[in-house]
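Let's take a walk through this model together, one region at a time. The sequence and structure come first, and the notes follow.

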Amino acid sequence: MRIAEMLARGRPTVSFEFMAPRDENEVAMVEKTIAALAGHAPDWVSVTYRKATGKKTLELVTRIKRQYHIEAMAHLTCANTADETRPILNWMEREGVANVLALRGDPPGPGQAFVPADPQFQHGSDLVAFLRRSGYRFGIGAACSAEKHPESPDQAYEFRYMQMKVDSGADFLITQLFFDNRFYFDLVRRAKEAGITIPIVPGLMPVPSRRSLAFMAAMTGATLQPDLARAIEEAPDDDAVRALGVRHCIEQCVELLEAGVPGVHFYTFNRARAPMEILASLRGQQLLTA
Ligand code: FAD
């Protein structure tokens, strides 16, 4: 089923992002996380893509669909040429993958430049447009930033290219992680004023540890409110950081759900505990149905 249809049902969806494992050590972790979170009734899930682990993404997406009967979306990036991309999409179509998240892809590290594999795939919108004009029937998602993307001079620049993804044929957008809901509400208001009607799903990360937070903040440009930054700084250990992260994410979700968001999408980093605690709280508050 197309994710855009689920997002239009008038009931907020719950979804999880899983990271395709990079090596055998990570396989057990991701399998355990999927099995644990599958029992918490997500409406859909997604699996990240890296060129080096692309086969694993495709394998996981199809297996989640078959084994757990959950709609699973494959991420795809501009890491491949058009000639390499077509067989991947053909394979997905044959295997019944219904949704693709079309992305440019991460640069090799914070502050480094992304190098496209094909001059025609420079940006997320190029992949969205390619999917549309090639006649594939996937539901198409794309990424956007509630806060300024690290490579953008300002939010207006960012917004222009978000619009380009919509004009190229994206069915829905998922935001990069953010910690202050005001960025999301501002983005949605501006999108509405610009006539953008497709759903914009907030992407949320319960802070897993100080180290992961520092890396993700550098990669995404996400900023912390001074109070939250101070509390994390002063937390005695990573358990306390994790607990703070869960509490903050619950507060974000409560406000977002009360404001009528189309869904809440969790970056799990292949850890089940935090999303499970968050969902239990939100369901306990009747903000989500099981
Ligand atoms: P783009 O839209 O290309 O944006 C990148 C920068 O270029 C932005 O500053 C944008 O404003 C600018 N820009 C966009 N279009 C143009 C244009 N036509 N001309 C000039 N500038 C332009 N990365 C992975 O490698 N694998 C994944 O599986 C993955 N999953 C993700 C899932 C989600 C929900 C999100 C939000 C991100 C994910 N990422 C993933 C990270 C993503 O690849 C990076 O955030 C990347 O920096 C941006 O991707 P994009 O598709 O928005 O790129």
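## Cysteines

Cys 249 counts as buried, at 1% relative accessibility. Its sulfur has that of Cys 253 as the closest cysteine sulfur, at 4.3 Å, which is too far for a bond. A disulfide here would need the two sulfur atoms to lie within 2.5 Å. Please keep in mind that this is a predicted model.

How many disulfides does the rule give? The count comes to zero. Cys 144 is likewise in no disulfide, and the nearest cysteine sulfur, in Cys 78, is 16 Å away. Cys 144 is buried too, with a relative accessible area of 4%.

## The sheet

Now to the strands. Nine of them form an open sheet, in the order β7-β6-β5-β4-β3-β2-β1-β9-β8, with parallel pairing. Which strands sit at the edges? They are β7 (200–201) and β8 (203–204), each of which pairs on one side only. At the β8 edge, two bridges join β8 to strand β9 (residues 263–267), and these two run parallel. Leu 204 has Phe 266 as its bridge partner in β9.

Elsewhere in the sheet, strand β3 (residues 71–76) and β4 run parallel and are joined by three bridges. One pairing to look for is Ala 74 with Val 100, its bridge partner in β4.

## Side chains of β4 and β3

In a regular strand, side chains alternate between the two faces of the sheet. Strand β4 (residues 99–102) is a nice place to see this: Asn 99 and Leu 101 point one way, while Val 100 and Ala 102 point the other way. Are these four buried or exposed? All are buried.

In the neighbouring entry of the sheet order, strand β3 contains His 75. His 75 is buried, with a relative accessible area of 4%. Its side chain makes a polar contact of 2.8 Å with the side chain of Ser 46.

## Around the ligand

The ligand has 26 residues around it, and those that come nearest are Tyr 49, Arg 50, His 123, His 149 and Lys 165. By class, this shell has nine nonpolar, 10 polar and seven charged residues. Both α6 (155–168) and β6 (172–175) supply at least two residues of the shell. Which element gives the most to it? That is α6, with five residues.

Three polar pairings are worth finding in the viewer. A nitrogen atom of the ligand lies 2.7 Å from an N or O atom in the side chain of Arg 50. A polar backbone atom of Asp 106 is 2.9 Å from an oxygen atom of the ligand. Ser 152 places a polar side-chain atom 2.9 Å from an oxygen atom of the ligand. How much of the ligand does the protein cover? On its own the ligand has 970 Å² of accessible area, and the protein covers 90% of this.

## The loop before α6

One last stop is Glu 151, in the loop between β5 (139–144) and α6. With a relative accessibility of 44%, Glu 151 counts as partly exposed. Glu 151 and Met 219 are 68 residues apart in sequence, yet 9.9 Å apart in space, C-alpha to C-alpha.

Note on methods:
Residues numbered from 1 in each chain as written. Predicted model: local features only at pLDDT ≥ 70, side-chain atom pairs only at ≥ 80, totals over all residues. Heavy atoms only, no water. Near = heavy atom within 4 Å. Polar contact = N/O pair within 3.5 Å; in protein donor to acceptor, adjacent residues only side chain to side chain. Areas by Shrake-Rupley, 256 points an atom, 1.4 Å probe, with all protein chains shown as cover. Nonpolar A, V, L, I, M, F, W, Y, C, P; charged D, E, K, R; others polar. Buried < 20%, exposed > 50% of the residue type's maximum accessible area, 1.4 Å probe, protein only. Pairing = 2+ DSSP bridges.
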